[in-house]
Amino acid sequence: MSKLRLVSFLLSAAALYGETGASAWLRYAPLDGPALTASRQAVQPVLSVLDSSPIAGSARDEIIRGIRGMLDRVPRLESGIPQESAIVIGTLAELQASAPTWKLQKPDLIADGYWLKTVTVGRNRYTVIAAINERGLLYGSFALLRKIAIGEPVLQLDELSNPYAPVRWVNHWDNLAGTIERGYGGRSIFWDAGKVRGDLSRVSDYGRLLASLGINGCSIDNVNADPKIMSPELAPQIARIADAFRPWGVRIAVSVDFTSPQKIGGLPTFDPLDAKVVEFWKTAIDKLYQSVPDLAGVVMKADSEGRQGPSAYGRTHADAANVVARALKPHGGLIFYRGFVYDNHMDWNNPKNDRGRAAWDNFHDLDGKFDDNAVIQIKNGPIDFQVREAPSPLLGTLEKTNEALELQITQEYFGQSKYNVNLVPYWKDTMDFDMHAKGAGTPVKALAAGKVFHQPNSGFVGVSNIGLDDNWSGNQLSQGNLYGFGRLAWNPDLSSKQIIDEWTKLTFGLNPKVVDTIDAMQLSTWKTFEHYTGPLGLQTLTDIVGDHYSVNVEASEYNGWGQWHRADAKGVGMDRTVATGTGFIGQYRPEVAKVFESEATTPDDLLLFLHHVPYTYKLHDGKTVIQYLYDAHYQGVEEVAAYVQQWKALKGMVDEQRYNQVLTQLEYQHGQAIVWRDAVNVWFEAASKIPDGRGRVGHWPGRVEAESMTLAGYTVQDWGKPGIDPRGIAKTPAPGTRGAPVGQPGPPQAGAPGRGAGGGRGGFGASPPAEDASGGKIVVCTAGAAAPCSASTKYTGVAGTYSLNVEYFDTPNGASHYRLFVGKQVVDEWVGDLRLPSRRMDAGASTRHTTEGVALRPGDEIRIEGKPDGMETAALDYLEILPDKN
Ligand code: GCV
């Protein structure tokens, strides 16, 4: 065995034992079998790079790294056109100069695009990576390596790939302190304690990941911008980030605060039409460009969620965007002005109020008033990245303005880093939606890319999900969302299947069983998540005034944030029709509005997003809405349970470290899906008073409520009766109470997980909703660690082997210790030390511990002992005794 082979062998053996996920989809794992043979035949171990730019240098290093990793060969570097078979990287101009006889021409190649072309000259075969600019060379190199890694033939290539849109950016909501708003992958790779980090090696690693997807821009600070980002002392530090990204062709942008002229410039005003304000922006932007000459531009959030904007002076969003656009113009920079503008203090009692209308209401009249380097950045849905929304009508409205589609890669409302939800099918759904903006055939993707109305500065922006965690995104699988965003931004015509399949192969290897299992799972996760969190367009029924994670059916109601679903005793859904509702549907072009206006033609999965219907309303298949809600939640749980089993079947085929991490994640998600199912179903059954036709809701086989067990030290806490908040039941609210939510929600806190107290029964400080606890009650141990508490029950079923599920509450303020006994024997023990998003004892903290294979006989005593820690009370919800599946 050669030395190199030995090294690769050891590396691959180590890889099977453990991978951290740090290499993400750029693992370049050694190939074997036919894939290795075919690629070794096709890929020449000689490389010549005609271009001398640093970006082409990255391409060169990447090709060497990739071939070395996958094919166990170290390519020899040559210059010019080698007289032997080789990989040749060069711009078309360079290729034409060095190899005029090849007559390489590709008139349809555009900036950043690449052409992979095999040229045969005599006995020599050249794999050519051609482009018209440096970035194209890098992107083409990554494309070639991707093909090799996923086992595609590369012997005879003739493949042109141009980017679908010029703008392919990621935004970061990183705070200068180093925290990340809605970030679940650790602290910021850019910032720490108000400064740019000393060690930016992760930034350059990240640049490499972005470049592999063709992403060419990255904003480095939160859109809830800290005015200090414009302070002169930060400029040279920001320049270091730009330096780290530059070899990867990624240009940086900064998010700026609209009040900067006042807060940083010391002016008495930030009125965009004031001459001094105009001067401030010009000078400040000029200074930034002195430090970062290739700055891509700025991002701005104004008049939104407590941030000040042009309305302070009666000015328009166009006035606001243009004052900055004009400062950027001489440098070729763009401003991304966010369309996410709405009033978060709306009167919830007024049935005509609708946050969904806000983006269109704010921007459609301004079409044509924005400068040509201003881009309106529009979230995919009119509310806020919910599990399913109709596409924002504003996307189909602007004809004379650049627009960009904003997607959220970070899973704020999708279980954060705890759940496995692949968002590619969701994004595809939006991107392919025909807005009929110019007759049929104008899908969102084409509008966002500026193809329909010929806007040159358009494209796709994703709110990124990465941080300093080894695996980037807080878990192994969420990396697939960054990958998917990048691939879609490059080519939204790719299918979900193709993108997910590529990612699976790159991330977990080519074993067909592994690939088929993960592909099928990832393709279905969005719908699974929808089933147990927000079917029929209900949106995510999550704690929107708290952690945006825990189930909390009513958190969206009775407050000004406007994520209302208006479920009451008779029906559910937002009436957004023109005829009787908020008129939102009228914001679509007539062809789309016609479909949405009628309940009969609205697709079932958007029904409750667009209509208020009685619980007995029949869906297209004849099932009632209420029964569908019950069934979907049961279905979602079964689907997650199946993921656990499917993943277990991959044991030994995925390295142990990632195998175990994913298994733990899926098992946890299964427990949470049950919590969601029960809370939502119990709430709707209580509200509608229509029982589940299949008799499941409220009847859980094998469940023993903790409060009904024999308790020693534990005391019972009663969370009340599930159902509609009295504010929703009151027919005529007392004078003066209309529109006065309890505890006005505050603006979002940078880096904090919620929006302060108020609204529904959510928010910190408020007691958790009754349906968060099985039976509305839990038991808590307040005796302290010195005197553990216990809850016991006598087993009365038939003898056999069982799984024991203990549902307990894991809060961040302690690590309680649990022991599970059968008779005198300890059959399991564990510590409640998960880092969950939930900050209080509620559904988000409710956690399931499963002990499989426990032999039970009638009369056995099952005892759970809980030892509290810190502020955590070793609280228990229930014990469940279920026949063992294995
Ligand atoms: C950066 C939602 C999120 C906020 C985010 C905001 C936005 O409201 O909860 O954290 O703020 O969207 O997109 O500006």
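Begin by selecting A593, which, once residues up to four places away in sequence are set aside, touches I585 and Y588. The model you have open is a predicted one, and each stop on this tour is a place in that model. A593 has its place in helix α17, which covers residues 590-597. With a relative accessibility of 12%, A593 counts as buried, because buried here means under 20%. Now add M435 to the selection: it is 158 residues away from A593 in sequence, yet their C-alpha atoms are 9.7 Å apart in space.

Next, select Q416, which sits in the loop between β15 (402-408) and α12 (424-431). Is Q416 buried or exposed? Its relative accessible area is 4%, which is under the 20% limit, and so Q416 is buried. If you show the side chain of Q416, you can find one of its polar atoms 3.2 Å from the backbone oxygen of E412. Leaving out the neighbours within four places in sequence, the residues in contact with Q416 are Y184, Q411, D547, H548, Y549 and P837.

From that loop, move on to α12 itself and select it together with helix α15, residues 496-508. Two packed helices are described by the angle between their axes and the distance between the axes. For α12 and α15 the angle is about 150° and the axes are 9 Å apart, which makes α12 roughly antiparallel to α15. Which residues make the contact between α12 and α15? On the α12 side they are V424, P425 and K428, and on the α15 side they are S496, I499 and I500. The crossing of these two helices, α12 and α15, is right-handed.

For the last stop, select the five strands that form an open sheet, following them in the order β20-β23-β28-β25-β26, and note that their pairing is antiparallel. At the edges stand β20 (710-712) and β26 (825-832), and each has a single partner strand, so one side of each is left without a neighbour in the sheet. From one strand to the next, the twist averages 15°. Strands of a sheet pair through backbone hydrogen bonds, either parallel or antiparallel. To look at one pair in detail, select β25 (residues 816-822) and β28 (residues 861-867), which run antiparallel. How many bridges join strand β25 to strand β28? There are six bridges between β25 and β28, and if you select L820 you will find I864 in β28 standing opposite.

Notes: Residues numbered from 1 in each chain as written. Predicted model: local features only at pLDDT ≥ 70, side-chain atom pairs only at ≥ 80, totals over all residues. Heavy atoms only, no water. Pairing = 2+ DSSP bridges. Helix = DSSP H or I, 4+ residues; strand = E, 2+ residues; numbered from the N terminus. Axes fitted to C-alpha atoms, helices over the stretch in contact; angles between N-to-C directions. Buried < 20%, exposed > 50% of the residue type's maximum accessible area, 1.4 Å probe, protein only. Polar contact = N/O pair within 3.5 Å; in protein donor to acceptor, adjacent residues only side chain to side chain. Contact = heavy atoms within 4.5 Å. Parallel < 35°, antiparallel > 145°, perpendicular 65-115°, else oblique. Left-handed = near helix turned anticlockwise from the far one by under 90°.
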